[in-house]
Structures are given as structure tokens and as C-alpha cells.
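Please read the following remarks alongside the predicted model. They take up cysteine pairing, one helix pair and one further helix, in that order.

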Amino acid sequence: MVKGIHRILYGLLAFFIGLFIASSFFIRTKYNYSLYGDTTVLEKQQPVLLIVLIAVVLGLSFVLYRLCLKLNRYSRRIVVPAVLLFSFTIQIVIIFLFTRMPTDDSQTVLSLAWDMLYNKDYSSFQSGGYLYMFPFNFSIVLYLKTLLFLFPDNYLVIKIFNILFSLVTTLMIYLLYKELNPKSKSNDYGILVFAATYIPALFMSNFIYNDVLATALLTSALYFAVKFLRRRSMKDILFAAVLLALGNYFRSTGMIFAIAIVLCLLFNLRSLGMKKGVASIGITLLLLGIPGWTQNALLQATGVVDESPSSNSAPVYMWLNMGINLETLGFWDNRESYNIYQQEANYNKAESEELFKASISNKLSSATVGELAEMYYKKLIWTWTEGTYQMERYGMGNDGSSAGGGRGGFVMDHYSYTTFATDLFQGDSNYRSGLLYVLYVQNLLMYGFILFRLIRDIRAKRFGETSLILVILGFIGFYLLWEIKARYIYPVYPLLIVLSYMGFKDVYGLLTGKRGEKDADYITLILAFLGCSLVLTSCDAITAQTITSTDFNSRSGGFPGMNGNKNFNGGGRGTDGGTMRRNGTQGTDGGTGTGQQ
């Protein structure tokens with residue numbers, strides 16, 4: 001029976017991955033904030049250009065893999081630290097070349113951390129405040145407050161900690177892959193290099209929020225859970241439970257990881273033994289809620305709040321209501337849902353729940369079955385094939401003067417100072433559009449290798465990656481109903497890398513398995529030559545697509561309509577030795593400014 005469930009899960013994911021791949025040959029999904037604003041974009045695909053870029057990326061992938069094989073002669077003690085140091089260096093360079101300033105929620109939580117630390121101001125927990133509406137974000141506020149306390153007024157340190165957590169994720173990807181492939185005779189440095197140079201992850205360290213931190217914790221939790229299932233050591237499930245609880249505390253989608261881990265423990269209950277299996281499940285569930293319970297108890301004990309912070313917070317129905325929208329496909333609905341909670345219900349959770357239920361019911365009844373099916377299809381395809389996790393906005397940033405604009409017709413993003421890189425990759429440049437397209441194609445190829453791996457696993461009746469499958473399916477199902485952003489599925493990227501690398505190795509093995517090393521080198525040389533030849537064609541095709549821009553006045557305002565929200569607006573280029581100061585900005589030395597409106 002358990003094997004039958006495994007087969008169903010693998011088949012279901014194979015169906016979705018196949019749908020993503022097939023749809024990509026007809027629909028091109030995009031997110032370019034500076035050009036189109038904060039919205040989903042679906043266009044007719046250019047199949048010839050797509051196939052050319054697939055050939056280019058595929059050829060270069062085989063070349064890089066062959067180079068990584070040459071590292072096998074070196075010890076892990078040398079290669080692993082060297083690769084991580086290389087990734088660290090790249091990310092340091094990125095945060096100095098793209099000096100993105102916080103905006104929206106990122107700006108708000110940083111501002112609140114500042115106020116709580118220096119002004120002892122917790123008023124945002126009061127009615128109308130940001131944390132009154134979104135108490136779950138107190139975790140990231142507390143984290144930022146701690147960093148500001150340990151490293152006073154140093155803005156750059158926050159991003160460096162992001163980089164460190166990104167490196168943890170990279171290491172966990174490598175260890176997770178090795179744990180799932182214990183019989184591999186190779187050092188498999190290829191996946192380590194792939195994870196360490198994965199472009200969306202390199203840029204997302206520039207984003208001050210909970211994504212990078214939570215992804216590191218949740219990936220680590222999954223690694224220790226997989227390790228426990230294979231080695232049966234209780235200390236591994238204890239590590240997994242602690243990391244899972246922390247990851248879920250910073251990002252509530254950790255619950256999907258928790259469900260996946262518990263289901264895998266149930267599937268393996270016979271092999272684990274009843275006593276050890278029940279104990280592992282109990283530890284996982286018991287520790288899961290401790291961070292949240294502790295936080296709420298301390299807030300009430302210190303008089304910051306009189307009751308549970310979630311008693312009148314925005315209800316889950318608000319995000320479900322956002323998730324049903326024929327025009328935006330479940331993306332940001334221009335404050336429509338916020339207004340129901342804030343204005344119509346006057347921040348009353350119970351009253352707003354009824355209003356949201358009525359709104360959801362009205363949306364479902366007023367739309368035809370065909371319209372709903374089309375919306376959910378497009379919502380699913382955009383979320384999972386956009387391919388960059390909205391790195392273009394949250395990692396690379398914008399100069400605040402590009403065309404299109406964000407919410408309300410303005411580009412709210414800005415840099416503390418511009419560099420040759422920000423000029424080269426400005427919103428309407430072919431370099432930015434070209435990079436986004438390459439990442440889109442890379443994501444598509446990853447799906448191709450994942451599909452190949454899933455089909456081989458089903459045929460061979462191998463189900464060792466069930467935990468990863470469950471997490472990905474959980475995210476697919478959850479964001480089919482919830483408000484969407486491609487950034488929201490960022491915690492899944494480590495699992496996609498692991499599965500796609502498995503598929504890549506399977507394909508590579510089939511191509512070279514019956515040939516000697518010399519023939520393999522010959523094939524690689526041909527692919528490299530083909531890739532380089534096609535690069536010229538693809539670049540010409542990309543740059544031929546001129547895009548005109550219309551300038552808008554920039555705005556750097558923070559989260560709209562929330563009490564306790566002070567904006568971190570930049571002034572001139574900072575030269576104060578890397579400190580956070582009033583009316584300054586991040587300088588070449590890593591400083592930043594915090595001007596209040």
C-alpha cells in the first residue's frame with residue numbers, strides 16, 4: 001500500500017512538471033517590475049528563440065559538469081570550503097554593485113526593529129498597526145532587532161548574514177543530495193557548484209526579509225529528517241525538529257515541510273519500529289509550535305499586548321480572497337482585500353472573515369467554470385515557470401526611474417547609489433531582459449531533468465526522494481489557492497536543484513555510459529562548440545527585441561496605511577565607515593541611512 005502511495009505521489013508531480021514544460025512552449029511567463037509593474041505577465045512564447053537558448057544552456061551545462069568532474073581528485077576538505085568561499089565572494093560583490101534599498105514589507109520590518117530597539121516603540125501591535133495585522137512578521141522584526149543590537153547601526157551586516165544563511169543552504173543541498181545517494185562513488189561536486197552559483201539565490205541575499213533565513217532552516221530540517229530515516233539516530237530527528245520549528249517560526253509555509261516530514265515518518269513506521277517512529281513524530285509535533293507560543297507568552301507577560309497577537313490579525317481568508325481574481329490571477333489585488341479588513345471590518349477579525357467568505361462565494365458564483373479553470377491554470381503556470389523567484393525586483397532592484405512602475409504607477413524601488421552594473425542592468429535594458437530569459441530557460445531545463453528522473457524512479461520502483469516530492473506537491477497545492485508571488489516558492493529551490501541534478505546525471509550517464517572517457521570528452525567538445533555557435537544567434541534575437549520605456553517619478557514609501565511604519569529613505573552616498581545613520585544611505589563601505597518622513 002505504501003509503495004502504491006509513493007507511485008501516486010511521483011506520478012502526480014510528474015504530471016505537474018509535464019504541464020509546466022508543455023505550457024512553456026506556448027506561454028512565456030514574466031516578472032519585470034520596472035517594465036510592467038508589480039504584476040504577472042503571460043505572453044505568447046517564441047519557440048525558436050526558446051529552443052536556441054535551451055541548446056545553449058544545455059551545452060554549457062554539460063561543459064561545466066565535465067569541469068566539475070575534474071575536481072573529484074581533490075578532498076572535500078579543500079573543495080567544499082573553496083566553493084563556498086567563491087560563492088561568498090560573488091554575493092559580496094553583488095550587494096556592492098546592486099545597492100538595493102528596502103521597500104514594502106522589507107522596509108517596514110527594518111523600521112520597526114529600529115524603533116523597538118532605540119525608541120522602545122511597540123505601538124505597531126496596537127489596532128491599525130502593522131504587527132496588529134501581521135503578527136507573524138514579529139519573528140523577522142525580532143531577528144533584525146537582534147542584529148542591530150549586536151552590530152549597532154550596521155546595515156551591511158544584515159546582508160552578510162543573509163549570505164551566510166545562503167551558504168548554509170548551499171551546503172545542505174550538497175549534503176541532502178549525498179544522503180539520498182549513499183551509493184554514489186563520486187564526490188558529486190557538480191551539485192555543490194550548481195547550488196553555489198545559482199543566480200537567483202546569489203541575488204536574493206540582497207533582500208532583507210525572512211526568505212533566505214527560513215529557506216536555510218527548512219532545508220537543514222529536511223536534511224536531518226532524511227538522515228534520520230536512513231540512519232535511525234534520534235539526535236538527527238531532534239535536530240530536524242528544532243530547525244523545523246525555527247523555520248516555521250520565520251515563515252509559516254514551514255508547516256508544509258512539517259507535514260511532509262511527518263508523513264514520511266508514518267510511511268517508514270514499520271522500518272523505524274513503533275516506539276522510535278511514534279517518538280520521532282511526537283518530538284516533531286511538540287517542538288513545532290514552541291517558538292510561537294513562547295513569543296506570545298512573553299509579549300503578554302511584558303504588557304506589549306493584552307491578548308494573543310493573532311486574536312484580531314488579518315484572517316487567512318484575506319489571502320484566499322486575493323488568490324481568487326480573474327484579472328490578477330491571484331497576485332496583489334491593489335489593496336482590495338486589505339480594504340475589506342481595514343475599512344469595512346475596521347480591523348475586526350471575526351467580522352472580516354464573514355466579509356471575505358461572502359467575497360469568495362461571490363467570485364466563485366459569478367465566474368464560469370471555464371473562467372475559473374483558466375485562472376487557476378495561468379496562476380499555476382506563472383508561479384512555477386517564471387523561473388527567477390522575482391529576483392529582478394527583490395535581489396537586483398531598480399533605480400526608481402524605469403518605465404512601467406509598481407503599485408499605483410510608481411517604481412518604489414531605488415538604490416542608495418548607482419554603479420556601472422545598475423546602469424548596465426537598468427529596467428529597460430537588454431542585459432536585464434536577457435538574463436531573466438536565460439534563468440527562465442534554466443528553470444525549464446531543470447523541470448525537464450526532474451521529469452526524466454521521476455519517470456525513471458517510477459519505472460524502477462525507487463521512491464527515496466518522497467520527502468522532497470511531498471514538499472513540492474504541498475507548495476503546488478497551497479499556492480493554487482493562496483495569494484501568489486513567484487518569490488513565495490523560494491524555499492523549494494533547493495529541492496528542485498537536488499532532483500534536477502539527479503535527472504541530469506541520469507541523462508549524462510545514458511549519453512556516456514556505453515562510451516569511454518575519450519568519447520565523452522568528444523561529445524562535450526561538440527556540445528560546447530554548438531553552444532558557443534548558438535550564443536551569437538540567441539543574443540542577436542534577444543537584443544533585436546527593443547523595449548521602450550516611460551519615466552515615472554520615483555517613490556520610496558513603505559507599507560501603506562500602517563501605524564508604526566517609518567521609511568528608510570536614502571540620501572546621498574554614505575562614507576561613514578559602514579554605519580546606519582539618519583538621512584544617509586548605503587555607501588561603498590556598506591553604510592546606510594534611515595531617514596524618517
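1. On disulfides, the count for this predicted model comes to 0, since a pair is accepted when the two cysteine sulfur atoms lie within 2.5 Å. Two cysteines may still be described by their surroundings: cysteine 68 is buried, with a relative accessible area of 11%, and cysteine 264 likewise counts as buried, at 5% relative accessibility, because buried means under 20% relative accessible area.

2. How do the axes of helix α3 and helix α25 cross? Helix α3, which spans residues 47–69, and helix α25, which spans residues 493–512, have axes that come within 12 Å and cross at roughly 90°, and the two helices are therefore roughly perpendicular to each other. On the α3 side the contact is made by Ser61, Phe62, Tyr65, Arg66 and Leu69, while α25 contributes Tyr501, Phe504, Lys505, Val507, Tyr508 and Leu511. Sorted by class, the contact of α3 with α25 has 8 nonpolar residues, alongside 1 polar and 2 charged ones.

3. Helix α13, residues 254–267, has 14 residues and reaches 20 Å from its first C-alpha to its last, which is close to the 20 Å expected at 1.5 Å a residue.

4. Is α13 mostly covered or mostly uncovered? The helix is mostly covered, given that 10 of its 14 residues are buried. The buried residues of α13 are Gly254, Ile256, Phe257, Ala258, Ala260, Ile261, Val262, Cys264, Leu265 and Phe267, a list that includes the Cys264 of the opening point, with its 5% relative accessibility.

How values were computed: Residues numbered from 1 in each chain as written. Predicted model: local features only at pLDDT ≥ 70, side-chain atom pairs only at ≥ 80, totals over all residues. Heavy atoms only, no water. Buried < 20%, exposed > 50% of the residue type's maximum accessible area, 1.4 Å probe, protein only. Axes fitted to C-alpha atoms, helices over the stretch in contact; angles between N-to-C directions. Helix = DSSP H or I, 4+ residues; strand = E, 2+ residues; numbered from the N terminus. Parallel < 35°, antiparallel > 145°, perpendicular 65-115°, else oblique. Contact = heavy atoms within 4.5 Å. Nonpolar A, V, L, I, M, F, W, Y, C, P; charged D, E, K, R; others polar. Expected span 1.5 Å × (residues − 1).
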